[in-house]
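User: I'd like to learn how to read internal cavities and helix packing in a model. Could you walk me through it?

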Amino acid sequence: MHFNNSSLSNYNVADNFMYMNDQEWVSDLTEGSKAYSQDSEGNILGLPYWESSVSGCFYNKTLFDELGLKPATSQAEFDELCQKLTDAGHTAICWPANGCNWMYQFGLDPIFADTPELLEQINSNKIKYADIPEVADMLEWLGNAAEKGWFGPSYLTDGWDDMSTIMGTGEAGMILIWDTWFYTDFDEGMDYTKEDFALMPVFMNTADKGTYEGGNLNMLMANKNSDKLETALDFINFCATPENYNNAFKDVATVSVFNGQNTNIQSTMVTDAIDSVNENQRTSTAEPKIIGYTQNETGAAITEMFIGNVDVKGAIDLMDEARIASATALGAEGF
């Protein structure tokens, strides 16, 4: 089992693993899970068999109604929305900068998913973040958002354990998170419950119409050089049978990975926004596919900007230094 991320290249997939393009179950994969399981040439690397989620901007629709606000459909509308929430005495976005660093990949995803040559160039050490204007655009937006108070007064000390209270009391109107969080970690019994939330795209100044991040899926892969290949394929086919995957994922909070998946719990937040999701979703790209990318090092660099130790350029330089050091330690070609 492996995620389709940059470290998968350590295993020389083309020489060691069987492509699954001709397996009968491929036609049963949803569009998102199929895209996640492909390499750059479109080969299916394995059977996605994991909890899946949709990450986006989840907003308190009840609070929005009370304030006469509507979800955004463009970066300009989103910026206006953040200011209106702030003016109304609310934190616009719950931004738990104390230990939570997944948010930054949402802004980076469109840069590299929409322009694959940039991903190839940064992964071969031909360019750096510093050479990509959109990276600076994202950090400039983050810095301005923090200065304008859109993240609230305590965002630098807010962490994972604070998010439920911040969202459940209505202190903040929005959070960048995945839908399954509301089923696994959001505390009920406060002023607002998961039924009060809806979904719109993430806007971080890198995609004007916004973006959603598709789920990161573990794949069942088969070593084509193994004398147990047929047994492995039998097991994978067993898992891909509707009766069996519906038993496996019964009552699990997950976006459907298979078209025939019907026993999982799918949030109405996602299903109500499915047209927008289908239009603006990107396969998770930054975290799994940029060689040397780590959430914590990225977050640490941007925090240095938040607290005033570096400017935008300095933060990008820190991001590049950390990424290149990690890629070098991995022995990535070109580093």
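Analyst: Happy to; we will take the cavity and then a helix pair in this predicted model.

User: How does one look for empty space inside a protein?

Analyst: Rolling a probe the size of a water molecule over the atoms shows where empty space is left. Here, the count is one cavity of 30 Å³ or more.

User: How much space lies in the largest cavity, and which residues line it?

Analyst: The largest cavity holds about 40 Å³. Its lining is made up of Tyr129, Gly292, Tyr293, Thr294, Glu297, Thr298, Met319, Ala322 and Arg323. By residue class, that lining has four nonpolar, three polar and two charged members.

User: Which helices supply at least two residues each of that lining?

Analyst: Those are H15 (295–306) and H16 (312–330). H16 gives the largest share of the lining, three residues.

User: Now for the helix pair. At what angle do H7 and H15 pack?

Analyst: A helix pair can be read from its angle, its handedness and its contacts. H7, residues 133–147, packs against H15 at about 50°, and the two axes are 10 Å apart. An angle that is neither under 35 nor over 145 degrees, and lies outside 65 to 115, counts as oblique, so H7 and H15 are oblique to each other.

User: Is the crossing of H7 and H15 left-handed or right-handed, and which residues meet there?

Analyst: H7 and H15 cross in a right-handed sense. On the H7 side, Leu139, Leu142, Gly143 and Ala146 meet Ile302, Met305 and Phe306 of H15. This contact comprises six nonpolar residues, one polar and no charged.

Technical notes. Residues are numbered from 1 along each chain as its sequence is written. This is a predicted model: local features need pLDDT of at least 70, side-chain atom pairs count only at pLDDT 80 or more; totals for chains, interfaces and linings use all residues. Side-chain values use heavy atoms; hydrogens and water are left out. On a 1 Å grid over the protein atoms alone, a cavity is a set of points where a 1.4 Å probe fits but cannot get out, and a pocket is an open set with protein on both sides within 12 Å along at least five of seven lines; lining residues have an atom within 4 Å of a point. Grid points are joined across faces, edges and corners, and a volume is the space filled by probe spheres set on the points. Helices (H or I, at least four residues) and strands (E, at least two) are DSSP runs, numbered from the N terminus. Ala, Val, Leu, Ile, Met, Phe, Trp, Tyr, Cys and Pro count as nonpolar, Asp, Glu, Lys and Arg as charged, and the others, Gly among them, as polar. Axes are lines fitted to C-alpha atoms, for helices over the stretch in contact, and angles run from 0 to 180 degrees between N-to-C directions. A crossing is left-handed if the near helix is turned anticlockwise from the far one by less than a right angle, and right-handed if clockwise. Contact means heavy atoms within 4.5 Å.
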